[in-house]
Amino acid sequence: MSEIGFGLVLDVADPDTLAPFWAEALHYSVVGGVGNYVMLRPEGRSGPRLLLQKVKEGRTGKNRMHLDIDAADIDAEVNRLEALGARRLENGEVKEHGHRWVVMADPEGNEFCVGES
């Protein structure tokens with residue numbers, strides 16, 4: 001069986017402005033951009049590429065898919081991400097099925113979660 005890779009595409013209003021946030025948040029590097037796209041890749045490790053794609057239409061509801069960031073220290077990671085421009089979407093944290101996480105949004109309002117690794 002041959003190896004396959006995969007990438008994620010995030011629809012955004014301004015990929016050039018949002019790329020530095022996601023690069024820092026995920027410890028990725030901005031590979032470059034062309035037209036309506038900016039590509040990010042993991043720094044020194046394997047993982048999916050992240051393509052930020054400029055779209056004209058704004059969000060109308062909850063994202064159908066979102067990123068989860070795993071962290072050994074959720075509170076420290078939430079603070080780090082808030083310093084980069086993210087914000088909490090709910091007060092406190094969510095606890096379910098023996099796990100806890102914090103629901104957040106990037107500077108454009110795209111949801112993601114920070115949970116225990």
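In this predicted model, Asn110 lies in the loop that joins strands β8 and β9. Asn110 has a relative accessible area of 3% and is therefore classed as buried, the limit for that class being under 20%. Leaving out neighbours within four places in sequence, the contacts of Asn110 are Leu10, Asp11, Val12, Leu18, Arg59, Asn63, Met104 and Ala105.

A second buried loop residue is Ala86, with a relative accessible area of 6%. Ala86 is placed between α2 and β6, the latter spanning residues 87–88. When residues up to four places away in sequence are not counted, Ala86 touches Phe21, Leu81, Met104, Ala105 and Phe112. Met104 and Ala105 also appear among the contacts of Asn110. Ala86 and Asp106 are separated by 20 residues in sequence, but their C-alpha atoms are 4.6 Å apart in space.

Ser2 gives another case of a pair compared in sequence and in space. Ser2 belongs to the segment that precedes β1 (7–12). The relative accessible area of Ser2 is 59%, so Ser2 counts as exposed, a class that begins over 50%. From Ser2 to Arg41 there are 39 residues in sequence and 21 Å in space, C-alpha to C-alpha.

The packing of two helices was examined next. Helix α1 covers residues 15–26 and helix α2 covers residues 74–84. The two helices pack at an angle of about 160°, and their axes are 10 Å apart. Because angles over 145 degrees are classed as roughly antiparallel, α1 and α2 are roughly antiparallel to each other. Their crossing is right-handed. On the α1 side the contact is made by Phe21, Glu24 and Ala25, and on the α2 side by Glu77, Arg80, Leu81 and Leu84. Sorted by class, the contact holds 4 nonpolar and 3 charged residues, with no polar ones. Two residues of this contact, Phe21 of α1 and Leu81 of α2, are also touched by Ala86, which lies in the loop that follows α2 and leads to β6.

Salt bridges were searched for over the whole structure, and 5 were found. One of them joins the side chains of Arg88 and Glu82, with an N to O distance of 3.4 Å. Both partners are partly exposed: the relative accessible area is 33% for Arg88 and 31% for Glu82. A further salt bridge pairs Lys95 with Glu93 at 3.7 Å, N to O. In this pair Lys95 is exposed, at 64% relative accessibility, whereas Glu93 is partly exposed, at 31%.

Glu116 and Arg100 also form a salt bridge through their side chains, at 3.2 Å from N to O. This pair links distant parts of the chain, with Glu116 in strand β9 (residues 111–116) and Arg100 in strand β8 (residues 99–105), 16 residues apart. Glu116 is partly exposed, with 36% relative accessibility. Arg100 has 22% relative accessibility and is therefore also partly exposed, since buried means under 20%. The four residues Glu93, Lys95, Arg100 and Glu116 are linked in a network of salt bridges.

Backbone angles were considered last. Most residues other than glycine have a negative phi. His27 is not a glycine, yet its phi is positive, at about 60°. His27 sits in the loop between α1 and β2, a strand that spans 28–34. With a relative accessible area of 45%, His27 counts as partly exposed. His97 also has a positive phi, of about 55°, although it is not a glycine. The position of His97 is in the loop between β7 (94–96) and β8. His97 is exposed, at 73% relative accessibility, because this value falls in the class over 50%.

Technical notes. Residues numbered from 1 in each chain as written. Predicted model: local features only at pLDDT ≥ 70, side-chain atom pairs only at ≥ 80, totals over all residues. Heavy atoms only, no water. Buried < 20%, exposed > 50% of the residue type's maximum accessible area, 1.4 Å probe, protein only. Helix = DSSP H or I, 4+ residues; strand = E, 2+ residues; numbered from the N terminus. Axes fitted to C-alpha atoms, helices over the stretch in contact; angles between N-to-C directions. Parallel < 35°, antiparallel > 145°, perpendicular 65-115°, else oblique. Left-handed = near helix turned anticlockwise from the far one by under 90°. Contact = heavy atoms within 4.5 Å. Nonpolar A, V, L, I, M, F, W, Y, C, P; charged D, E, K, R; others polar.
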